[in-house]
Amino acid sequence: MMNLIILSLVSYAITFIITSSVIFLPIKLFIRSKTKFLFIKGVHPLDCRMCAGFWVSIFICLLNNEYSIKNILAVFAISYFLATQERR
């Protein structure tokens, strides 16, 4: 259980860096320019916390040998819940 919470926090942090941080901005702009076909209604998956968070959760779980879909979805759910609690 504690492992899933730690994985969720790591997933949330990486998702935040990818979607909102200035650190990743030059790389994100380069990727967006090369993958224009991925835009859906003007939004790229790298800008969407739900899309990026899902793939980051899968990647983080697979790196930590958590192959169960239940664990992957639990990590994604907690990570996405944390992302929705932010105030802008």
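**View 1. Asn65, an exposed residue in a loop.** At 55% relative accessibility, Asn65 clears the 50% cut-off and so counts as exposed. This is a predicted model, so read the numbers here as properties of the prediction. Asn65 sits in the loop that joins α3 to α4. Its backbone is worth a look too: phi is positive, about 55°, although Asn65 is not a glycine.

**View 2. Lys41, a positive phi in another loop.** Move to the loop between α2 (25-34) and α3, and you'll find Lys41. Phi of Lys41 is near 55°, again a positive value in a residue other than glycine. How accessible is Lys41? Its relative accessibility is 84%, so Lys41 goes down as exposed.

**View 3. Helix α1 against helix α4.** Here we zoom in on α1 (residues 2-20) and α4 (residues 69-84), whose axes come within 8 Å and cross at roughly 55°. Oblique is the label for angles that fall outside the parallel, antiparallel and perpendicular ranges, and 55° lies between the 35 and 65 degree limits, so α1 and α4 are oblique to each other. The crossing of α1 past α4 is right-handed. On the α1 side, the contact is made by Leu4, Leu7, Ser8, Leu9, Ser11, Tyr12 and Thr15. Facing them from α4 are Asn71, Ala74, Val75, Ile78, Ser79, Leu82 and Ala83. Sort the residues of this α1 with α4 contact by type and you get nine nonpolar, five polar and no charged.

**View 4. Helix α1 against helix α3.** α1 also packs on α3, this time at an angle of about 135° and with the axes 9 Å apart. That makes α1 and α3 oblique to each other, because an angle has to be over 145 degrees to count as roughly antiparallel. As α1 passes α3, the crossing is right-handed. From α1, the residues involved are Leu7, Val10, Ser11, Ile14, Thr15, Phe16, Ile18, Thr19 and Ser20. They meet Arg49, Ala52, Gly53, Val56, Ser57, Ile60 and Cys61 in α3. The tally for α1 with α3 is nine nonpolar, six polar and one charged.

**View 5. Ile14 and its partners.** Ile14 lies in helix α1. Which residues does Ile14 touch once neighbours within four places in sequence are left aside? They are Val56 and Ile60, both on the α3 side of the contact in the previous view. Ile14 has a relative accessible area of 30%, so it is classed as partly exposed. For a sense of scale, Ile14 and Ile31 are 17 residues apart in sequence, with their C-alpha atoms 17 Å apart in space.

**View 6. Helix α3 against helix α4.** The axes of α3 and α4 come within 9 Å, crossing at roughly 140°. Oblique is therefore the word for how α3 and α4 sit relative to each other, and their crossing is right-handed. α3 brings Arg49, Met50, Gly53, Phe54, Ser57, Ile58 and Cys61 to the contact. α4 answers with Asn71, Ile72, Leu73, Val75, Phe76, Ser79, Tyr80 and Ala83. Broken down by type, the residues of the α3 with α4 contact are 10 nonpolar, four polar and one charged.

**View 7. Phe54 and Phe76, ring to ring.** A search of the whole structure turns up four aromatic pairs. For Phe54 and Phe76, the ring centres are 5.6 Å apart and the planes stand at 90°, so the pair is edge-to-face. Phe54 belongs to helix α3 (residues 49-63) and Phe76 to helix α4, so this pair ties together parts that are 22 residues apart in sequence. Are the two rings' residues buried or exposed? With 14% relative accessible area, Phe76 is buried, while Phe54, at 29%, counts as partly exposed. Pull back a little and you have one aromatic cluster, formed by Phe54, Trp55, Phe76 and Tyr80.

**View 8. Leu73 in helix α4.** Leu73 lies in helix α4 and takes part in that helix's contact with α3. Its relative accessible area is 43%, so Leu73 is partly exposed. Leu73 and Ile23 are 50 residues apart in sequence and, C-alpha to C-alpha, 27 Å apart in space.

Note on methods. Residues numbered from 1 in each chain as written. Predicted model: local features only at pLDDT ≥ 70, side-chain atom pairs only at ≥ 80, totals over all residues. Heavy atoms only, no water. Axes fitted to C-alpha atoms, helices over the stretch in contact; angles between N-to-C directions. Helix = DSSP H or I, 4+ residues; strand = E, 2+ residues; numbered from the N terminus. Parallel < 35°, antiparallel > 145°, perpendicular 65-115°, else oblique. Left-handed = near helix turned anticlockwise from the far one by under 90°. Contact = heavy atoms within 4.5 Å. Nonpolar A, V, L, I, M, F, W, Y, C, P; charged D, E, K, R; others polar. Phe/Tyr/Trp six-rings, centres within 6.5 Å; stacked < 30°, edge-to-face > 60°. Buried < 20%, exposed > 50% of the residue type's maximum accessible area, 1.4 Å probe, protein only.
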